[in-house]
Amino acid sequence: MEKIAILPPATLAMLGGGQLGRFFVAAAHEMGYTVWVLDPDTDSPAGRIADRHLCAAYDDVHALAEIAAHCAAVTTEFENVPAAALAYLAQKIPTHPSADAVRICQNRIAEKTFLRDNGFAHGPFAIVLNETDIESASDDLFPGILKVARFGYDGKGQAVVTTREAALAAYRNLQSEPAVLEKRLALDCEVSVVIARDMQGRVQCFPVAENQHTRGILDVSIVPARVTAALADEARNIAGQIAARLDYVGVLAVEFFVCAGRIFVNEMAPRPHNSGHYTLDACTVSQYEQQARALCGLPLHDPRAHSVSVMVNLLGDCWFDTGDKAREPDWKSLYAVPNLKLHLYGKRQARPGRKMGHFTVLGDRLDEVLNVALTARQEIGIG
Ligand code: ADP
Ligand code: MG
């Protein structure tokens with residue numbers, strides 16, 4: 001069944017209705033597909049532009065049965081969809097990525113164990129299932145970061161812990177949920193790679209992005225990353241090997257830490273990634289079209305960046321920079337910047353820390369593009 005390409009105007013299903021899903025819907029529409037979105041939010045960014053929005057929980061049996069009955073294939077934009085929902089769908093229709101791959105990526109304990117067991121370089125960590133695990137953790141892990149195993153994102157569910165006592169307090173604060181304790185690393189920089197892998201195991205990589213985070217949330221992505229060619233190659237190779245070990249089909253993002261010139265895997269996302277938004281404007285194919293191609297069994301593009309680029313996230317904070325009352329930022333200032341592409345996700349309510357949109361500045365010289373992007377970022381009220 002899976003060797004046959006699914007062609008337009010077939011109906012594809014997307015689990016999750018956030019901005020990553022919205023860009024997938026747009027890309028799949030452009031290719032001629034019909035797209036259904038499952039998301040419990042009545043007003044989700046992807047649901048609003050989908051051909052059909054199934055407004056139900058991700059484990060809603062009726063919604064899943066409808067998808068199985070009417071859609072040609074299903075994918076996800078959200079690692080926290082219940083793996084059981086993917087396992088159910090996989091019995092009925094092509095489902096990529098697999099429930100097993102998502103199960104690993106959605107749980108930091110499973111993810112770190114996978115990295116360790118398969119010999120992928122990662123930072124020192126301990127699994128925390130109870131207070132004894134913290135009491136007996138190596139001294140080397142402090143100062144560290146305690147991270148809940150499930151449902152953390154954008155730095156949520158994390159606490160910086162300088163001492164063992166602080167780690168115990170933070171663990172109790174996190175309701176004693178399963179967690180990992182990581183050593184806090186001194187980072188030279190962070191990079192990420194988005195790759196796509198098809199059903200025959202062929203891999204295509206996007207250029208490596210250099211990512212700057214503010215308060216645990218991606219702020220700026222610079223492409224190409226300002227690292228050596230050898231290090232960028234290593235990142236791409238590791239990402240491909242991880243995908244192969246996961247028997248992965250679809251788009252996978254791998255985040256890395258660079259410390260003292262060496263590279264360590266931070267985490268994986270079984271979907272397109274915020275740091276891959278630049279592919280929409282700077283590459284011959286976007287990560288979202290590549291996701292549709294992998295899902296449908298179409299040949300993957302060999303993505304080329306035709307421009308260097310800098311992407312800046314627009315968080316809800318920009319809506320509040322003149323006080324407590326939200327007001328629309330002055331988009332005119334961004335539209336006035338040459339070679340700047342603005343994307344807004346259509347989220348009706350701005351909240352501090354919420355990803356509302358992004359812009360990407362394109363050009364030929366990275367230092368110039370970075371300057372333009374950072375100036376535009378300041379003008380719209382960030383930083
Ligand atoms: P999330 O799921 O929220 O993206 P991450 O584990 O990627 O969680 O953490 C968010 C950011 O916090 C990272 O991109 C990095 O900037 C910082 N961070 C996380 N873990 C560490 C660590 N062990 N050492 C140093 N910085 C870290
Ligand atoms: Mg991360």
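A salt bridge here is a side-chain nitrogen of Lys or Arg within 4 Å of a carboxyl oxygen of Asp or Glu. Keep that cut-off in mind for the first close-up, and remember throughout that this is a predicted model.

**Figure 1. Where domain 2 meets domain 3, there is 1 salt bridge to look for.** The side chains that make this link belong to D154 and K355, with 3.0 Å from N to O. That distance falls within 4 Å, so the pair counts as a salt bridge. Between domain 2 and domain 3 there is also a count of 1 residue pair in polar contact, with both residues at pLDDT 80 or more.

**Figure 2. Stepping back, the protein splits into three domains: domain 1 (11-95), domain 2 (124-183) and domain 3 (189-379).** Take the C-alpha atoms of domain 2 and domain 3, and their centres come out 28 Å apart. On the domain 2 side 4 residues take part in the contact, and on the domain 3 side 6 residues do. How much area is buried between domain 2 and domain 3? It comes to about 310 Å², and carbon and sulfur atoms give 33% of it.

**Figure 3. An open, antiparallel sheet is built from 4 strands in the order 5-8-6-7.** Which strands stand at the edges? They are strand 5 (125-128) and strand 7 (158-161); each has a single partner strand, so one side of each has no neighbour in the sheet. Going from one strand to the next, the twist averages 20 degrees. Helix 7 (residues 164-173) packs on this sheet and touches strand 5, strand 6 and strand 7. The direction of helix 7 makes about 165 degrees with that of strand 7.

**Figure 4. Zooming in on the same sheet, strand 6 (residues 144-148) and strand 8 (residues 179-183) run antiparallel.** There are 5 bridges joining strand 6 to strand 8. If you want one to find by eye, go to V148, whose bridge partner in strand 8 is A179.

**Figure 5. The other open sheet view shows 4 strands in the order 3-2-1-4, with parallel pairing.** Strand 3 (52-54) and strand 4 (73-76) are the edge strands here, and each pairs on one side only. Ignoring direction, neighbouring strands of this sheet are turned by 25 degrees against each other on average. Strand 2 (residues 34-38) pairs with strand 3 in the parallel sense over 3 bridges. To get your bearings on that pairing, look for W36, which stands opposite R52 in strand 3.

**Figure 6. Two helices lie against the parallel strands, and helix 1 (residues 19-31) is one of them.** Helix 1 packs on the sheet and touches strand 1 (11-15), strand 2 and strand 4. Its direction makes about 165 degrees with that of strand 2. Helix 10 (residues 287-296) lies across strand 1 and strand 4, and runs at about 140 degrees to strand 4.

**Figure 7. Two cis peptide bonds lead into prolines, from H96 to P97 and from F142 to P143.** For the bond from H96 to P97, omega is near 0 degrees. You'll find P97 in the loop between helix 3 (83-90) and helix 4 (99-105). For the bond from F142 to P143, omega is near -10 degrees. Where does P143 sit? Its place is in the loop between helix 6 (131-135) and strand 6.

**Figure 8. F151 has a positive phi, though it is a residue other than glycine.** The value is near 65 degrees. To find F151, look in the loop between strand 6 and strand 7.

Notes: Residues numbered from 1 in each chain as written. Chains lettered and ligands numbered in written order. Predicted model: local features only at pLDDT ≥ 70, side-chain atom pairs only at ≥ 80, totals over all residues. Heavy atoms only, no water. Pairing = 2+ DSSP bridges. Axes fitted to C-alpha atoms, helices over the stretch in contact; angles between N-to-C directions. Contact = heavy atoms within 4.5 Å. Domains from an automatic or database assignment. Buried area = accessible area lost by both parts, 1.4 Å probe. Polar contact = N/O pair within 3.5 Å; in protein donor to acceptor, adjacent residues only side chain to side chain.
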